[in-house]
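Reader: Let us go through the labels in this model. I want the criterion behind each.

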Amino acid sequence: MTQTELITKRLEGKIAVITGGNSGIGLATAQRFVQEGAYVFITGRRQSELDKAVKRVGRNVIGVQGDVSNLADLDRLYENVKQQKGRIDVLFANAGVADVAPLGSITESHFDKIFNINVKGLLFTVQKALTLFQDGGSIILTASIGSSKGFEGVSVYGATKAAVRSFARSWTVDLKVKSIMIDLCLFLFLPSRTNKYDSFSD
Ligand SMILES: NC(=O)c1ccc[n+]([C@@H]2O[C@H](COP(=O)([O-])OP(=O)(O)OC[C@H]3O[C@@H](n4cnc5c(N)ncnc54)[C@H](OP(=O)(O)O)[C@@H]3O)[C@@H](O)[C@H]2O)c1
């Protein structure tokens, strides 16, 4: 095998779960992981988008519809992974939403929606996956530059991503005994389905 093939096949045989894998960053990651040799499970709430994403990835992919803030949906996801592949090597907890609401117009439903998906959903996505990790592995969390920098109108979103950043620090210590690595992705201004992140400007 050439050096290039070795690098491009570095996920050969690995089993990956990518939440929010039916569009944007999650879908691009699923495509890349499969190119590099992984088998991927992708999730999202919209079945139609999930079906399209499965077609785009093309091979070595299963779509499992579900909402990360619904714990029964997470149980169903991991039961599916367990039945089909028996383990997880890489978990990309990427599903997330951003809505704009400047201080003064923040509603309870805005707060609940964003915290339920970005914080509660991410926490239980990770916690419920742990029993499927065997010999170490990797967990990647999608945070945002908004976790440490202030942008107009997205304070609740920024607070959820700061929570994710904090989870990463604590879980690195919690998961040391299991040899599971935690990584954090901090994105800024990537084109997304909703273009919600375009409002993050100085
Ligand atoms: N784009 C940027 O510039 C940027 C910057 C900083 C951080 N991020 C973060 O990057 C991640 C991906 O965003 P993106 O830019 O790729 O946006 P996107 O294209 O809107 O993708 C979001 C993904 O999350 C899924 N999702 C949303 N809520 C969900 C839920 N409750 N349960 C399961 N899946 C859910 C969506 O599918 P369904 O709608 O079908 O559920 C979709 O697949 C997010 O965590 C976002 O906060 C993005």
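Author: Start with burial. A residue is buried if 20 or more other C-beta atoms lie within 10 Å of its own, exposed if 12 or fewer, and partly exposed in between, with C-beta atoms placed from the backbone. This is a predicted model: local features need pLDDT of at least 70, side-chain atom pairs count only at pLDDT 80 or more, and totals for chains, interfaces and linings use all residues. Residues are numbered from 1 along each chain as its sequence is written.

Reader: Why is S179 called exposed?

Author: S179 has 10 other C-beta atoms within 10 Å, so S179 is exposed. S179 sits in the loop between α6 and β6. Its phi is near 55°, a positive value in a residue other than glycine.

Reader: What makes N60 partly exposed?

Author: N60 has 15 C-beta neighbours inside 10 Å, so N60 counts as partly exposed. N60 lies in the loop between α3 (47-57) and β3 (61-65). Its phi is near 55°, again positive in a residue other than glycine.

Reader: How many of the 202 residues in the protein chain are buried, as a percentage?

Author: Buried residues make up 34%.

Reader: What is the pattern of helices and strands along the protein chain?

Author: The order is α-β-α-β-α-β-α-β-α-β-α-β. There are six helices and six strands. Helices (H or I, at least four residues) and strands (E, at least two) are DSSP runs, numbered from the N terminus.

Reader: How do you know that β4 and β5 pair?

Author: Two strands pair if DSSP finds at least two bridges between them. Five bridges join β4 (residues 88-93) to β5 (residues 133-144), so they pair. The two strands run parallel. F92 stands opposite I140 in β5. The chain crosses from β4 through α5 to β5, and this β-α-β crossover is right-handed. With the strands pointing away from the viewer, a right-handed path from the first strand over the helix to the second runs clockwise.

Reader: Which strand pairs with β5 over eight bridges?

Author: That is β6 (residues 180-187), in the parallel sense. A143 stands opposite L186 in β6. β5, helix α6 (residues 155-174) and β6 make a right-handed β-α-β unit.

Reader: Which residues of α4 and α5 meet?

Author: L71, L74, D75 and Y78 in α4 meet F124, T125, K128 and A129 in α5. Contact requires C-beta atoms, placed from the backbone, within 7 Å.

Technical notes:
Contact = placed C-beta atoms within 7 Å.
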